[in-house]
Amino acid sequence: KNQIIFKTKIKITMAKKVNVQPLHDRVVIKPAAAEQKSSGGIIIPDTAKEKPQKGIIVAVGTGKKDEPITVKIGDSVLYGKYAGTEINIEGEDLLIMRESDILAII
C-alpha cells in the first residue's frame, strides 16, 4: 500500500486577454516565437528567420449566421505561411485572420 506521488511542473504559456473583439468569422492569434537555432545548432539571424506557422488563439468572433466558430480561446493552431494580417496591439504582435485560414488545431 505504498503510494508513489509524482510531482511534475507543467509550464503553460497563455496569452493575456486582448481588448479586441474580432467580427464574424475572424480570430486573433499570437504567433509562436521564431526558431533561434537550426537543428544543427547554427544561430539564425533575424533577417533569415522564417515566419512561424503556429500560434495560440487569443480572441474569436461570433461566427457567421449559418456557421458557428469551431475554435476557442487558448487553442493552439497551425495556419498558412502568408495567412492573416499583422497587427500590433498594446505592444504585442498579433495576427488577425479568418477561421478558414486555420489549417489545424494541435
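This tour proceeds from the overall fold to the cores, the salt bridges, the backbone and the surface of a predicted model.

**Whole chain**

Begin with the entire protein in a cartoon representation. Six strands and zero helices are present, and the order along the sequence is β-β-β-β-β-β. Of the 106 residues, 25% count as buried. Among contacts with a separation of 6 or more, 62% join residues that are 24 or more positions apart.

**The cores**

Next, select V27, I29, I57, V60, I69, V71, V77, Y79, A83, L95, M97 and I102, and display their side chains. These twelve residues form the largest nonpolar core. Two or more of its residues come from each of β1, β2 (54-60), β3 (76-79) and β5. A second core, of five residues, lies apart from it and includes V28, A59, I89 and L94. In soluble globular proteins, nonpolar side chains tend to be buried together.

Now centre the view on V71, a member of the largest core. Which residues does V71 contact, leaving aside its neighbours within four places in sequence? They are V27, I57, V60, E99, I102 and I105.

**The salt bridges**

The structure holds four salt bridges. Select D25 and R98, whose side chains meet in one of them at 3.0 Å, N to O. The two residues are 73 residues apart, with D25 in the segment before β1 and R98 in strand β5. D25 is buried at a relative accessible area of 9%, while R98 is partly exposed at 32%. Add K64 to the selection, as D25, K64 and R98 are linked in a network of salt bridges.

Move to K30 and E92, whose side chains form another salt bridge, 3.3 Å from N to O. K30 belongs to strand β1 and E92 to strand β5, so this pair ties together parts 62 residues apart in sequence. Is E92 buried or exposed? With a relative accessibility of 14%, E92 counts as buried, because the limit for that class is under 20%. Its partner K30 is partly exposed, with a relative accessible area of 31%.

Then select K72 and D75, which form a salt bridge with their closest N and O atoms 3.4 Å apart. K72 is exposed, at 55% relative accessible area, whereas D75 is buried, at 11%.

**Backbone at H24 and E90**

Two residues merit inspection of their backbone angles. H24, in the segment before β1 (26-31), has a positive phi of about 50° although it is not a glycine. E90 likewise is not a glycine and has a positive phi, of about 55°. Most residues other than glycine have a negative phi. E90 is placed in the loop between β4 (85-89) and β5, and is partly exposed, with a relative accessible area of 48%.

**The surface**

Finally, switch to a surface representation. The protein exposes about 8300 Å², and carbon and sulfur atoms supply 54% of that area. Select L78, L103 and I106, which make a nonpolar surface patch of about 300 Å². Within this patch, L78 is found in strand β3. How accessible is L78, and what is its relative accessible area? L78 is partly exposed, with a value of 31%.

Terms used:
Residues numbered from 1 in each chain as written. Predicted model: local features only at pLDDT ≥ 70, side-chain atom pairs only at ≥ 80, totals over all residues. Heavy atoms only, no water. Helix = DSSP H or I, 4+ residues; strand = E, 2+ residues; numbered from the N terminus. Buried < 20%, exposed > 50% of the residue type's maximum accessible area, 1.4 Å probe, protein only. Core = buried A, V, L, I, M, F, W, Y, C linked by side-chain atoms within 4.5 Å. Contact = heavy atoms within 4.5 Å. Areas by Shrake-Rupley, 256 points an atom, 1.4 Å probe, with all protein chains shown as cover. Patch = residues over 30% accessible without salt bridge, like charges linked within 9 Å, V, L, I, M, F, W, Y side chains within 5 Å.
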